[in-house]
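User: I'd like a close look at one part of this protein, with its surroundings described as well. Please give the cut-offs as you go.

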Amino acid sequence: MEKQQLHIDYIVYNDINGLEDADAWLLKEAREVTAHAYAPYSHFQVGAVIRLANGEIVAGTNQENASFPIGLCAERVALASAASVYPNVDIDTIAISYHNLKGDSGHPISPCGMCRQALAEYEMKQEGAIRLVLGGLTGKVYLINRANDLLPLSFSGEELG
Ligand code: THU
């Protein structure tokens, strides 16, 4: 028997002003694009904006459906768009923000489990880290160095070989 431990490092900034300029710009974009969400059921508008290695920017927002399970998270909309328009360009950073129309939007949210799995897939595909910048409309901001840090012991395509 052996006891193992998992440990992740991430940076917490008091607000957006602690970020380097390019990341602060990306988070502002994510905040603004929350207005494009289609979230008539949850009233929880999420924006995800990707900066690619070639400098291009791709945005996504959550897209809900009266048949609830069909709804898509902002992160996976952004990832699928980036992979479709720029199929062989690495993802450098994804900034994620939200506007909770029914409550507080002043702290970071973190991608759901399904989106973590999707992020891990693209990270494996590009063999390089995808950075995450997480923040609400105001308040603290988290900087996470690589998506896979949010999904330790993940299932990957390597198992299918
Ligand atoms: N949602 C996202 O788009 N991203 C997340 O990281 C968490 C949740 C969406 C799904 C749904 O449309 C709404 O937020 C409430 O769960």
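What covers the buried residues of helix 2?

Analyst: Happy to walk you through it. The model is a predicted one, in which local features need pLDDT of at least 70 and side-chain atom pairs count only at pLDDT 80 or more, while totals for chains, interfaces and linings use all residues. Residues are numbered from 1 along each chain as its sequence is written, and side-chain values use heavy atoms, with hydrogens and water left out.

Now to your question. The cover over the buried residues of helix 2 includes strand 2, strand 3, strand 4 and helix 3, the last of these spanning 113-126. Contact here means heavy atoms within 4.5 Å, and the elements are DSSP runs numbered from the N terminus (helices H or I with at least four residues, strands E with at least two). The covered residues of helix 2 are A74, E75, R76, V77, A78, L79 and A82. Buried stands for under 20% relative accessible area and exposed for over 50%, with partly exposed in between (1.4 Å probe, protein chains only). As background, an α-helix has 3.6 residues a turn, so residues three or four places apart point the same way.

As for its dimensions, helix 2 has 12 residues and reaches 16 Å from first C-alpha to last, close to the expected 16 Å. That expectation is 1.5 Å times one less than the number of residues.

Helix 2 also has a part in the largest pocket, where about 290 Å³ of space lies. The pocket has 19 lining residues, and V46, N62, E64, L72 and C73 are the closest to its centre. Strand 2 (44-52) and helix 2 (74-85) are the elements that give two or more residues to this lining, and the largest share, three residues, comes from helix 2. By class, the lining holds 10 nonpolar, six polar and three charged residues. A pocket is an open set of 1 Å grid points, over the protein atoms alone, where a 1.4 Å probe fits, with protein on both sides within 12 Å along at least five of seven lines; lining residues have an atom within 4 Å of a point. Its volume is the space filled by probe spheres set on the points, which are joined across faces, edges and corners. Ala, Val, Leu, Ile, Met, Phe, Trp, Tyr, Cys and Pro are classed as nonpolar, Asp, Glu, Lys and Arg as charged, and the others, Gly among them, as polar.

Strands 2, 3 and 4 bring us to another helix. The buried residues of helix 1 pack against strand 2, strand 3 (57-61), strand 4 (91-100), strand 5 (131-135) and strand 6 (141-144). Those buried residues are D23, A24, L26, L27, A30, R31 and V33. Helix 1 covers residues 21-33, and its 13 residues reach 18 Å from first C-alpha to last, close to the 18 Å expected.

Two charged residues of helix 1 are worth following. D23 counts as buried because its relative accessibility is 1%. R51 forms a salt bridge with D23, their closest N and O atoms being 3.0 Å apart; the term needs a side-chain nitrogen of Lys or Arg within 4 Å of a carboxyl oxygen of Asp or Glu. This pair links distant parts of the chain, with R51 in strand 2 and D23 in helix 1, 28 residues apart. R51 also counts as buried, because its relative accessibility is 15%. D23 has R131 as a partner too, with closest N and O atoms 2.6 Å apart. Since R131 lies in strand 5 and D23 in helix 1, this pair ties together parts that are 108 residues apart in sequence. A network of salt bridges links D23, R51, D92 and R131.

The other residue to follow is R31, also in helix 1. R31 counts as buried because its relative accessibility is 16%. Leaving aside residues up to four places away in sequence, R31 touches I16, S97, G136, L137 and T138. From R31 to L19, 12 residues apart along the chain, the C-alpha separation is 15 Å.

A search of the whole structure finds four salt bridges. One of them joins the side chains of R146 and D149 at 3.5 Å, N to O. R146 is partly exposed, with a relative accessible area of 39%, whereas D149 counts as buried at 19%.

Finally, helix 3 was part of the cover over helix 2, and a second pocket deserves a mention. About 160 Å³ of space lies in the second largest pocket, whose lining includes Q117, A120, E121, E123 and M124. By class, this lining has three nonpolar, four polar and three charged residues.
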